[in-house]
Amino acid sequence: MSAIPATSDATTATRADAILARLGGRQGSTASATDEMQNRFLTLLTTQLKNQDPLNPMDNAEVTSQLAQMSTVQGIENLNKMFQQFLDTNSVSELSALVGRGVLIEGERLELTQAGGVGGVELAQPADQVTVTLFDANGLPVRKLDLGALEAGTHNFVWDGRADDGQIAAPGTYRMVIEAKSNGDPVTAKALQLAQVTAVVRGPNGADLQLGSDGIYRLDEIKQVLS
């Protein structure tokens, strides 16, 4: 039996390090599924190289074949990313129709203009009695609206601007407080405020909506789109 060359282990380690140097640049700082898959592949491959039988080492063709398999998987992943970018672009195009439209988002603010004010209510379950109390900037109650019985979900309402005494309230910002009950028991209710879509922007997970000074909102944060 011939002696094993003294440089065998060093050569194997050098091959492994070369592979890591060649592919290491592909490992970004983001912990994506693709990065994790690449890390596992490289760990397995370099471990296999370092622990191979010195009398029967892997040949270059076998190493190249495994690298090619990894490249194929990565290529498919890149194709999926490109397709998702196409979907996101298409979403931005479709959502542009919302620019200028009014939407309801979670919040207690109601803006009263000469034409009145619009607000909303989100109920966790049906309620047989729903009221909205509107307070002015000084914290004084101005109007109590009786919305009656409502099903679970999102509902909008319009305030004509009249106070409880019949006078026209001054235009400005008012605060909404919602109270909902079912058979006398409290029902979880949230106040919804009106906002206007001013732009569609690209977010980290798709298209988001710019709602003027209210900021950027995800689509799942939009409770209702008003006609």
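Reader: Which residue in β11 is the bridge partner of R202?

Author: In this predicted model, the bridge partner of R202 in β11 is A207.

Reader: How do you know that β10 and β11 pair?

Author: Strands pair if at least two bridges are found between them. β10 and strand β11 (residues 206-210) are joined over 5 bridges, in the antiparallel sense, and therefore they satisfy that criterion.

Reader: What makes β10 and β12 the edge strands?

Author: The open sheet consists of 3 strands in the order β10-β11-β12, with antiparallel pairing. β10 (199-203) and β12 (216-217) each pair on one side only.

Reader: Why is the aromatic pair of W159 and Y174 called edge-to-face?

Author: Ring centres must lie within 6.5 Å, and planes over 60 degrees apart count as edge-to-face. For W159 and Y174 the values are 5.1 Å centre to centre and 85° between the planes, so both conditions are met. The structure holds 1 aromatic pair.

Reader: Which parts does this pair tie together?

Author: W159 belongs to strand β6 (residues 153-159) and Y174 to strand β7 (residues 172-182), so the contact links parts that are 15 residues apart in sequence.

Reader: Why is W159 counted as buried?

Author: Buried means under 20% relative accessible area. W159 has 1% relative accessibility and therefore counts as buried. Y174, with a relative accessible area of 7%, is buried as well.

Reader: What makes R175 a charge over the ring of F135?

Author: The distance cut-off for such a charge is within 6 Å of the ring centre. R175 lies over the face of F135, at 5.1 Å from the ring centre.

Technical notes: Residues numbered from 1 in each chain as written. Predicted model: local features only at pLDDT ≥ 70, side-chain atom pairs only at ≥ 80, totals over all residues. Heavy atoms only, no water. Phe/Tyr/Trp six-rings, centres within 6.5 Å; stacked < 30°, edge-to-face > 60°. Helix = DSSP H or I, 4+ residues; strand = E, 2+ residues; numbered from the N terminus. Buried < 20%, exposed > 50% of the residue type's maximum accessible area, 1.4 Å probe, protein only. Lys NZ or Arg CZ within 6 Å of the ring centre and 35° of its normal.
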